[in-house]
Amino acid sequence: MREKGKSAIIGSTCILTYIVNYYLRHILSVLTPTLLATGSFSVEHIANLSSAYMILYAVGQLINGFLGDIFSPKNIACLGLVVSGGAMVIFPFMPNEFMQIMCFACFGFGLAMLRGPLMKIISENTKPSHASLICVFFSFASFAGPLVASCFALINGWNFTFIAAGGVAILLGALAHIVFSILEKRKIKN
């Protein structure tokens, strides 16, 4: 496979994965007015969800930095997406605030598993000139993700938005794992 084709596959897989990361991150903020309007969520409840996410995201950055030296970046990134997606899927079904907070804690820890491993995949498997271009589009994910989350939340109910977002994350985590595994098998990716 030519270098440009390899870079395009690796880059597009990593970029799509990172767009989902930002899509997931912004669902709570996009849906806050809707959640408050249901009467089932208070401002304090939403603040607790957000705090749990942020604390476990920070702790996850530290822990996953060490794990990144031991385990494959492919496995870490894909597992992080599946864990985050799973937490989003089950969130609307949790019967109490504590369980919902635990979902957001898992969600934060899972998302902390993405950026470093994805950057490692890009930098170790593409030429520097291609990696630079991929990173430009990688940064674009921070703009595209919230836009996707906002548009999707406008046309769906809050619970379906969480379920669908989590489902997309799980599906993309599995697909990314398959793509990276195929590239490894063909000796195209480390």
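**Notes on salt bridges, a surface patch and A87**

1. Starting with E3: this residue counts as partly exposed, because its relative accessibility is 25%, and partly exposed covers the range between the 20% and 50% cut-offs. Keep in mind as you read on that this is a predicted model.

2. What does E3 pair with? The side chain of E3 meets that of K6 in a salt bridge, at 3.6 Å from N to O. For reference, the cut-off for such a pair is 4 Å. The two residues are three apart, about one turn of the helix, and both sit in helix 1, which runs over residues 3-25.

3. Is K6 buried or exposed? K6 counts as buried, because its relative accessibility is 14% and the limit for buried is under 20%. So this bridge joins a buried lysine, K6, to a partly exposed glutamate, E3.

4. How many salt bridges turn up across the whole structure? The search finds two. Besides K6 and E3, there is E184 with K74, where the closest N and O atoms are 3.0 Å apart. This pair links distant parts of the chain: E184 belongs to helix 8 (residues 158-185) and K74 to helix 4 (residues 73-90), with their positions 110 residues apart.

5. On exposure, K74 is buried because its relative accessible area is 7%, under the 20% limit. E184 comes out as partly exposed because its relative accessibility is 25%. If you're looking at this bridge on screen, then, the lysine end is the buried one and the glutamate end is partly exposed.

6. Now for the surface. Which residues make up the nonpolar patch? They are I55, V59, L62, I63 and F66, and together they have about 490 Å² of accessible area. One of them, V59, is placed in helix 3, residues 43-67. V59 is partly exposed, because its relative accessible area is 36%; that also clears the over 30% needed to join a patch.

7. Last, A87, which lies in helix 4, the helix that also holds K74. A87 counts as buried because its relative accessibility is 5%, again under 20%. What does A87 touch, leaving aside residues up to four places away in sequence? Its contacts are C103, C106 and F107. As for A37, that residue is 50 residues from A87 in sequence, and the C-alpha to C-alpha distance is 23 Å.

How values were computed: Residues are numbered from 1 along each chain as its sequence is written. This is a predicted model: local features need pLDDT of at least 70, side-chain atom pairs count only at pLDDT 80 or more; totals for chains, interfaces and linings use all residues. Side-chain values use heavy atoms; hydrogens and water are left out. Helices (H or I, at least four residues) and strands (E, at least two) are DSSP runs, numbered from the N terminus. Buried means under 20% relative accessible area, exposed over 50%, partly exposed in between (1.4 Å probe, protein chains only). Patches are made of residues with over 30% relative accessible area and no salt bridge: like charges are joined within 9 Å, nonpolar side chains (Val, Leu, Ile, Met, Phe, Trp, Tyr) within 5 Å. Accessible areas come from the Shrake-Rupley method with a 1.4 Å probe; for residues, only the protein chains shown count as cover. Contact means heavy atoms within 4.5 Å.
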